[in-house]
Amino acid sequence: MNNDQSFTDQEFKVVGTRPKRPDGVDKVTGRAKYGADASAPGQLVGLMLRSPHAHASIKKIDTSKAEKLQGVKAVVTAADLPDLTGGPGDNFYILENCMARDRALYDGHAVAAVAAIDKATAKKALKLIKVSYKKLPHVTDVDKAMKPNAPIVQPHIQQDGKPSNIAANYEFGHGDVEAGLEEADVVVEKSYKTEQTHQGYIEPHACLASVSPDGTGELWVTTQGHFHFRNVCATLLGMDISKLKVTSSEIGGGFGGKTHVWIEPVALALSRKSNRPVKMVMSREEVFRASGPTCSTSMDVKIGAKKDGTITSAFIECRYMDGAFPGIWGMLGGMTAWACYDLKNVKAVGIDVLCNRPKVAAYRAPSAPMMAFGVESTMDILAKELKMDPVKLRLHNVAREGTRASYGPTYGPIGIEPTLEAVKNHPHMGARLKKNQGRGMACGFWFNIGGQTCTDLNIGVDGSVSLTVGTVDVGGSRASLGLIAAEELGIEYEQVKVHIADTASLGHNDTTEGSRGTFSSGMATIFAARNAKDELCQRAAKMWDIPVSAVVWKEGKAVAKGKRHNNLAPLTIQEIAAKSPTTGGPIAGHNEVTADGAGVSFASHICDVEVDPETGATKVLRYTVVQDAGKAIHPDYVEGQFQGGAAQGIGWALNEEYIYGDDGLLQNAGFLDYRIPVCSDLPFIDTKILEIPNPNHPYGIRGVGETSIVPPLAAIGNAVTNAVGVRMTHVPMTPPRILKALDEAGG
Amino acid sequence: MLKVGFTGSLMSSVNGQAQVDVEAGTIRELLSRLVQRYPDLAEHVDQGIAVALDGEIYRDDWSKPIPDGSAVFLLPRIQGG
């Protein structure tokens, strides 16, 4: 029973309530410690020297003058980070991205680093490092990178025996799309582009690294996965994993961008060389130029359908721009593209393409929003062709329990149909629109994942509970896990304090990514609490001197069963804990679990916009998110995730993009020129939580963090299209692009 | 006997078959027998693989029993942001 992950369908007392966030006071009073807040005696300032070229061969690096500068304690280059990974492969690409080897592969690629007694000295030292470059031809556009004579980014990657920028090609689907087109009464097709965006987390990457002469080390860092950082850094530096302790700070936003190491191995190398702690904090410009944004894409979509709306053929090919290192973005996109629909003939092709841009990282439901833009925009085109309501068209083809998903398996209980029904019946859909206004809707899908997790639940002698987890709290998991522990133990939420352990204090925990935090650590917390309840019953039995089989845990108390013991008053957790020193010592529960069986997640969004036909400026007037949460443990946070994903999607749809010049250099590496939405750009984002339980979690939990960013590009694209009467095919839909589309349409 | 489904590059690794029959009681047994029969699949298993059992995706727990009659599908390993 203790580790049974089956859905219990229980009534909740604490779960589903909205207590105050546990980290709120520290965050609003400035007490919370973020990545840049760590400090150590004798620490140095580490700074990185970055390539000013989009693509260049590194002929020589002369660090001698920098090393001689007073106050400089270490200078490192690739020579100080030798390849211990065995050559090209995931870890080698991470190493090469952290420090360029024989070539700089993008504007901003690190080529050397210094550690000095202060920032001014470190900056002077950077200027004294002489790098001899030979500029090479570059390519920053995904379509150009696929052309036969394009400059090659990674020569060892080959297609048909020749160097190629095409790193991988993934196909998913079933049936015969060509035969499906033959059956169709109507065929629609369109091509689309989306530009590269950054997650835009407010806190830049920051760490403090300290390596001792005895070979042990510590790293304090802002990250979504300190265990992963430990493993990667130790591997790259040749350290034993257990000799590197990593502590995660509070995180000022991650959204996938803090699942990768960028500066941390270099900070450790500087510390090792200087024998001093080294702090590195990226500037905002560095974050844009040299941490992982998402892919830009170009894609082609084709759908065939019967007059009644039945889709007979669905095809998409999407080219993902991976930056300078191969990723799996085409694979993830290909699997998500058509997941909302029940399709007889379907094919999705995802292609990973290398360019001279920074290494791409995950961004909230990575790869899904782009293909959703293509698919959901084309669904609207089809609805117009068929003169059919777009929600009705989607409902006509919707995936249900038992549907064979476009990426292969057959669905269990899923929530796309309920989200569409909720959209259909939502007052937002019936609200009147004025001139120059348009409404759009779109659907989205994300898998969610589980993974390795481990927790400790310790009961203090006063009966208060300390829950220690290893999943970084990115989006409110301390609150949700506290609620889960309280629910399982039958106590008040306020009796539980949740802590994030460092890597030396718990077994391995996978990174907080894939919307896994509350799903997986929630499961481990339930199991740990069940262990603790067993122990509490044991202790109560000792206190009463009756068999443990006669004790049950009920509503937060040990209760003696049976007529023989009905004179025994129930014992509270406080009463049992107070006696723990004489009944066997500390009372705790512990669990490690591989939390598989994460339930997939669906959402449908509605958006109203107004477009100024003179300027092309778009204002989002109203926005509604409907999403299946499985079970909303703390509804405020769930709504916050829905709103956050929508807000980021609005920025992506309307404003945000990396702009590269013909010289291959990034032209807008700052928040002034790369404009994320602020409060005044956004309406209140309305939310509706649906709860279709995940059968593989005791509380029915599904991940909620990512799906909300999948539909916005298409929902807004459809809304803008309906406002201006011209199909928008290029994201972001900036005023110049909207005016251009209107001009081309003769508007 | 389980009927195991494949798509895309995984399908190429099992001689282009969309479905393969395998006798296996757990995910570990399933993967081991498949790799034995189709060595090209080993690279995918090393890179990371997931197994869908009746629509639920399992990435990590190879000891997971596979009930008789389960709909089994092999997928690339997923990650998120």
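A residue is called buried here if 20 or more other C-beta atoms lie within 10 Å of its own, with the C-beta atoms placed from the backbone. With that cut-off in hand, one short helix of this predicted model can be examined, before we turn to the domains and the contact between the chains.

**A buried helix**

The buried residues of helix α10(A) are A:W329, A:G330, A:M331, A:L332, A:G333, A:G334, A:M335 and A:T336. Because eight of the eight residues of this helix, which covers residues 329-336 of chain A, are buried, α10(A) is largely enclosed by the rest of the structure. What do the buried residues of α10(A) pack against? Within chain A their partners are β9 (166-174), β16 (311-321), β17 (346-353), α11 (368-386) and β18 (437-446), and β5 of chain B joins them from the other chain.

**Two helices that cross**

Two packed helices are described by the angle between their axes and the distance between the axes. For α10(A) and α11(A), the axes come within 8 Å and cross at roughly 45°. An angle counts as oblique when it is not under 35 degrees, not over 145 and not in the range 65 to 115, and α10(A) and α11(A) are therefore oblique to each other. Their crossing is right-handed. Where the two helices meet, A:L332, A:G333 and A:T336 belong to α10(A), while A:A368, A:M370 and A:M371 belong to α11(A); the residues of this contact divide into four nonpolar, two polar and no charged.

**Domains of chain A and the contact with chain B**

Chain A is divided into three parts, namely domain 1 (24-32 + 450-595), domain 2 (35-136 + 204-251 + 258-290) and domain 3 (297-448 + 599-744). The C-alpha centres of domain 1 and domain 3 of chain A lie 39 Å apart, and the contact between these two domains takes 15 residues from domain 1 and 17 residues from domain 3. On the side of domain 1 that touches domain 3, α15 (477-489) and α16 (517-544) of chain A each supply at least two residues, and the largest share, five residues, comes from α16(A).

The contact between the two chains, in turn, takes 22 residues from chain B and 35 residues from chain A. On the chain B side, the elements that give two or more residues are α1 (8-12), β4 (56-58) and β5 (72-76) of chain B.

The table sets out the kinds of residue on two of these sides.

| Side | Nonpolar | Polar | Charged |
|---|---|---|---|
| Chain B, touching chain A | eight residues | eight residues | six residues |
| Domain 1 of chain A, touching domain 3 of chain A | six residues | seven residues | two residues |

Methods. Residues numbered from 1 in each chain as written. Chains lettered and ligands numbered in written order. Predicted model: local features only at pLDDT ≥ 70, side-chain atom pairs only at ≥ 80, totals over all residues. Contact = placed C-beta atoms within 7 Å. Helix = DSSP H or I, 4+ residues; strand = E, 2+ residues; numbered from the N terminus. Nonpolar A, V, L, I, M, F, W, Y, C, P; charged D, E, K, R; others polar. Domains from an automatic or database assignment. Buried ≥ 20, exposed ≤ 12 C-beta atoms within 10 Å, placed from the backbone. Axes fitted to C-alpha atoms, helices over the stretch in contact; angles between N-to-C directions. Left-handed = near helix turned anticlockwise from the far one by under 90°.
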